[in-house]
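Biologist: Could you take me through this model, beginning with its overall layout and ending with its charged side chains?

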Amino acid sequence: MNTENAFETHRSRLFGLAYRLLGSRSDAEDVVQDAWLRWRQADRASIRDPEAWLVTATTRLGIDRLRAAHTQRQHYVGPWLPEPLEIDETPGPGDRAELAEQVSLAFLAALERLGPEERAAFLLKEAFDYDYAQIASLLGQSQANCRQMVHRARERIQAGRPRFQVAPEQHRRLLERFMHAARVGDRSAIAALLSEDARLVSDGGGKAVAVIRPLLGAVRIARLFWAAYRRADPAVEWRMGTVNGEPAILRYRHGALAAVMVAVSDGDRISELLTVANPEKIGRAVTPASAGASW
């Protein structure tokens, strides 16, 4: 197998790892490109396992970029949320539930609570089924340290997720009810659909109107949507769609997609709302037909 074919065999897997690590399509593409350049320059005659070599290179490049990104995001305007990978404006019953399970925006946002090496160890174990010996070798850590990192990561991820998994259709119906209530400015209905300690995070990146810090509490969030309704823009339209395979509210202005919103719920109440309105992040997302990624 020639150099290019060997790399292309694993490209989608490498991109999936890099995207989970970084929460950014553009950064993931850059990391995969850097891995390709290293692969071209490597002494491949001495490489026994090309896939392991490429995963190691991608992980280390991703960790380095993640460290740099954390520094850069200190200057980001408002909260930073992951960049959508796929936006489907016309979802049907065959929504990509498998994709949602692996790279939902809520899951990627939860990964932001982890340090770079902790995040890498968790993903290698949970998403790629590496054993601790492999993870330790890749990260240059002891197996005991890797076990501890993965254990801590699981606890931190689970702390922000519903206790029980919710059926996609049940979650979608709840989000549709929320969309209707928000669209007509029904403040009491909005509050009733939210858990008392609900959290709203909005990412405009200084390029779109957004709440510049997380908003906590059902009453405060309901008041925000009620106020938005009071000054409603007739050019704005709300529709249901999917983002990274999970149900989402898509907001359009003058026919152009302006924001996407996803939610975390237990099927009865919404505990978290995540809105991405940064036009650069939305513009880099693709439709499922052109995504071409294998997870």
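Biologist: Into which domains is the chain divided?

Modeller: This is a predicted model, in which local features need pLDDT of at least 70 and side-chain atom pairs count only at pLDDT 80 or more, while totals for chains, interfaces and linings use all residues. Residues are numbered from 1 along each chain as its sequence is written, and side-chain values use heavy atoms, with hydrogens and water left out. The bounds come from an automatic or database domain assignment, and the chain is divided into domain 1 (1-75) and domain 2 (168-283).

Biologist: How far apart do the C-alpha centres of domain 1 and domain 2 lie?

Modeller: Taking the C-alpha centres of domain 1 and domain 2, the separation is 34 Å.

Biologist: Which residues does UniProt list for "domain: RNA polymerase sigma factor 70 region 4 type"?

Modeller: UniProt annotations may be inferred rather than shown by experiment, and this one comes from an unreviewed entry. The span is 77% helix and 0% strand, with its end C-alpha atoms 13 Å apart, where helices (H or I, at least four residues) and strands (E, at least two) are DSSP runs. The UniProt listing is residues 105-157.

Biologist: With which residue does E112 form a salt bridge?

Modeller: A salt bridge is a side-chain nitrogen of Lys or Arg within 4 Å of a carboxyl oxygen of Asp or Glu, and in this pair the closest N and O atoms are 3.2 Å apart. The pair links distant parts of the chain, 39 residues apart, with E112 in the loop between α5 (105-111) and α6 (116-126). The partner, in the loop between α3 (50-72) and β1 (87-88), is R73.
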